[in-house]
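Hi,

Here is the structure I promised to pass along. Have a look at it first, and then read on for what turned up.

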Amino acid sequence: MKNKKIILLEDNKDISSLVKLHLNDIGIEVDVFYDGVEGWKTIECNQYDLIILDIMLPRLDGLEICKRIRKQNKSYTPILMLTSRSSEMDRVLGLESGADDYLTKPFSLMEMVARVKALLRRHDAMQEVSTSNNKEKINFNGLSINMQTREVIKNEQLLELTAKEFDLLVYFARHPGQVFDRMQLLDKVWGYGHEGYEHTVNSHINRLRSKLETEPHTPRYIKTVWGVGYQFIATAA
């Protein structure tokens with residue numbers, strides 16, 4: 001994890017100090033900001049390997065910053081969202097705004113470090129794939145997935161997918177017909193396989209289906225294989 005540089009936007013100075021300390025211990029350089037406006041100004045002018053973003057920030061909240069980041073034309077940067085809220089809706093809002101992952105406070109620092117490592121590894125792997133397949137497009141039955149622009153077109157309509165929904169769809173599309181359980185998808189798409197986080201896969205698949213499928217309750221592309229997992233059908237009828 002050496003030579004990695006991240007930015008942390010967190011107004012709780014105790015949490016910020018602990019997070020920075022633990023990430024410095026594994027060789028990651030960390031810039032810390034306690035204010036949303038100042039943090040956003042720095043993000044606009046610099047390139048980071050990862051952004052850790054608290055939802056509740058002075059002057060400019062984390063959700064708005066996340067949306068602004070995803071509207072930029074700069075190279076893709078993974079975002080880990082921090083929140084003191086525990087409701088599912090707040091987590092969904094973070095993910096819908098473009099966050100790749102989230103942690104709910106109070107969180108284990110060991111888990112935080114593990115999530116950061118997983119996001120960085122995953123991003124490095126995606127960059128390698130993007131470099132080797134820079135012009136790659138996946139096309140089937142009215143769907144077109146553009147790896148370079150990270151856009152998905154269905155029947156000439158652009159689908160508004162979050163970062164992780166796009167990654168999940170790409171992984172499925174590259175393995176048509178193969179059945180994956182939730183732990184396998186956590187490992188391959190999120191970069192970690194911790195038990196207890198399988199609901200993350202469920203919620204992402206449900207939201208992806210709502211955008212991808214004409215009738216989400218009777219999906220044609222992403223099938224549920226009961227008792228096993230999920231299967232992508234590239235020849236949807």
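**A helix across a sheet, and two cores**

Helix 8 (residues 198–212) lies across strand 11 and strand 12, and runs at about 140° to strand 11. Please keep in mind that this is a predicted model.

The two strands under discussion belong to an open sheet of 3 strands, with the order 10-12-11 and antiparallel pairing. Strand 10 (179–180) and strand 11 (222–225) are the edge strands, each pairing on one side only. Between strand 11 and strand 12 (residues 229–232), which run antiparallel, there are 4 bridges. One residue to pick out is I222, whose bridge partner in strand 12 is F232.

I222 also turns up in the packing. The largest nonpolar core has 28 residues, and those that touch the most other members are I145, F172, L185 and I222. Two or more residues each come from strand 6 (137–140), strand 7 (143–146), helix 6 (163–173), helix 7 (182–190), helix 8 and strand 12. Helix 6 gives the largest share of this core, 7 residues. As general background, nonpolar side chains in soluble globular proteins tend to be buried together.

Which residues does L185 touch, leaving aside those up to four places away in sequence? They are L168, Y171, F172, F180, W190, V201, I205 and Y230.

There is also a second, separate core of 19 residues, with I55, C66, I79 and A99 among them.

Happy to talk any of this through whenever it suits you.

Best wishes

Note on methods
Residues are numbered from 1 along each chain as its sequence is written. This is a predicted model: local features need pLDDT of at least 70, side-chain atom pairs count only at pLDDT 80 or more; totals for chains, interfaces and linings use all residues. Side-chain values use heavy atoms; hydrogens and water are left out. Two strands pair if DSSP finds at least two bridges between them. Contact means heavy atoms within 4.5 Å. Axes are lines fitted to C-alpha atoms, for helices over the stretch in contact, and angles run from 0 to 180 degrees between N-to-C directions. A nonpolar core is a set of buried Ala, Val, Leu, Ile, Met, Phe, Trp, Tyr and Cys residues joined through side-chain atoms within 4.5 Å. Buried means under 20% relative accessible area, exposed over 50%, partly exposed in between (1.4 Å probe, protein chains only).
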